[in-house]
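Work through the exercises below with the coordinates open. Each task is followed by a solution in steps.

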Amino acid sequence: MTEQSYTTTFVVDQTPMEVFDAVNDVRGWWSTDIDGPTDVAGAEFSYHYKDIHRCRFRIVEFVPGETVEWLCVEGYFNFTADPQEWTDTRIRFDISPEGEGTRLRFTHVGLTRHHECYDVCANAWGGYVGSSLQTLIATGSGDRDNEVRNAEALQQRR
């Protein structure tokens with residue numbers, strides 16, 4: 001039996017294209033510590049938080065109003081026995097109409113409970129996607145306090 005990857009889903013009042021555009025505004029909902037384009041198929045971008053966490057993603061699927069998928073080509077944590085737990089995992093956003101609104105299903109494909117970082121990562125994705133991205137979609141502004149809370153949680157893991 002295959003373990004389930006981390007996933008979360010929510011429905012918003014906005015259109016699939018509005019949700020798609022917000023997903024690709026990674027600096028607006030995840031972090032301002034993003035280098036590179038986040039809205040071009042085939043592009044690569046990186047994220048870093050001090051010497052604790054860094055990763056580089058390649059955008060491998062990019063279907064306007066429907067799907068965005070990133071491949072983690074390089075990941076690093078300084079608080080796990082295997083510092084490259086995220087390497088070769090995928091971040092996937094599936095967008096679909098739902099009634100008068102839009103459903104967003106976020107899946108970190110390959111992030112399962114057997115990963116040492118699972119609890120802290122699941123908590124962080126819950127804040128970044130379930131709170132900050134959802135707020136960005138609904139209001140046009142992500143939850144910047146969320147970034148601070150998740151950074152503090154990572155520092156406590158050190």
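The exercises go from the chain as a whole to the sheet, the helices, the core and two threonines.

The model is predicted, so local features need pLDDT of at least 70 and side-chain atom pairs count only at pLDDT 80 or more, while totals for chains, interfaces and linings use all residues. Residues are numbered from 1 along each chain as its sequence is written, and side-chain values use heavy atoms, with hydrogens and water left out.

**Exercise 1. Overview**

Task: List the secondary-structure elements in chain order and state what share of the residues is buried.

Solution:
- Helices (H or I, at least four residues) and strands (E, at least two) are taken as DSSP runs, numbered from the N terminus.
- The chain contains 4 helices and 7 strands.
- Starting at the N terminus, the order is β-α-α-β-β-β-β-β-β-α-α.
- A residue is buried under 20% relative accessible area, exposed over 50% and partly exposed in between, with a 1.4 Å probe and protein chains only.
- Of the 158 residues in the chain, 46% are buried.
- With contact defined as heavy atoms within 4.5 Å, 53% of the contacts between residues at least 6 apart in sequence join residues at least 24 apart.

**Exercise 2. The sheet**

Task: Determine the strand order of the sheet and identify its edge strands.

Solution:
- Two strands pair if DSSP finds at least two bridges between them.
- The 7 strands make an open sheet with antiparallel pairing, in the order β1-β7-β6-β5-β4-β3-β2.
- β1 (6–12) and β2 are the edge strands, as each pairs on one side only.
- β2 (residues 34–35) is joined to β3 by 2 bridges, and Ile-34 stands opposite Tyr-47.
- β3 and β4 (residues 53–63) share 6 bridges, with Phe-45 opposite Phe-57.
- β4 and β5 pair over 10 bridges; here Ile-59 faces Trp-70 as its opposite residue.
- β5 and β6 are joined by 5 bridges, and Glu-69 stands opposite Arg-92.
- β6 and β7 are joined by 9 bridges, one of the partner pairs being Ser-96 and Arg-103.

**Exercise 3. Strand faces and turns**

Task: Which side chains of β3 are buried, and which turn residues have a positive phi?

Solution:
- Side chains alternate along β3 (residues 44–49): Phe-45, Tyr-47 and Tyr-49 point to one face and are buried.
- Glu-44, Ser-46 and His-48 point to the other face and are not buried.
- The hairpin of β3 and β4 has 3 residues between the strands, and Lys-50 in the turn has a positive phi of about 45 degrees.
- The hairpin of β6 and β7 has 2 residues between the strands, and Gly-99 has a positive phi near 60 degrees.

**Exercise 4. Helices and core**

Task: Place α1 and α3 relative to the sheet, then describe the largest nonpolar core.

Solution:
- Axes are lines fitted to C-alpha atoms, for helices over the stretch in contact, and angles run from 0 to 180 degrees between N-to-C directions.
- α1 (residues 16–23) lies across β1, β4, β5, β6 and β7 (101–109), at about 160 degrees to β6.
- α3 lies across β1, β3, β5, β6 and β7, at about 15 degrees to β1.
- Val-19, Phe-20, Ala-22 and Val-23 are the buried residues of α1.
- They are on the same side of α1 because they cover an arc of only 165 degrees around the axis, the arc being that of the directions from the helix axis to the C-beta atoms.
- A nonpolar core is a set of buried Ala, Val, Leu, Ile, Met, Phe, Trp, Tyr and Cys residues joined through side-chain atoms within 4.5 Å.
- The largest core has 43 residues, and Trp-29, Trp-30, Trp-70, Trp-86, Phe-93, Trp-125 and Leu-133 touch the most other members.
- α3 gives the largest share of this core, 11 residues.
- Leaving out residues up to four places away in sequence, Trp-70 touches a set including Val-26, Phe-45, Phe-57, Ile-59, Ile-91 and Phe-93.

**Exercise 5. Two threonines**

Task: Are Thr-80 and Thr-139 buried or exposed, and which backbone oxygens do their side chains reach?

Solution:
- A polar contact is a pair of N or O atoms within 3.5 Å; within protein, one must be able to donate a hydrogen and the other to accept it, and residues adjacent in sequence count only if both atoms are side-chain atoms.
- Thr-80 is in the loop between β5 (67–77) and β6 (90–98).
- Thr-80 counts as buried because its relative accessible area is 9%.
- A polar side-chain atom of Thr-80 lies 2.8 Å from the backbone oxygen of Asp-82.
- Beyond its neighbours within four places in sequence, Thr-80 contacts Glu-85, Glu-116 and Cys-117.
- Thr-139 belongs to α3 (residues 118–139).
- Thr-139 counts as exposed because its relative accessibility is 56%.
- The Thr-139 side chain reaches the backbone oxygen of Ser-141 at 3.1 Å.
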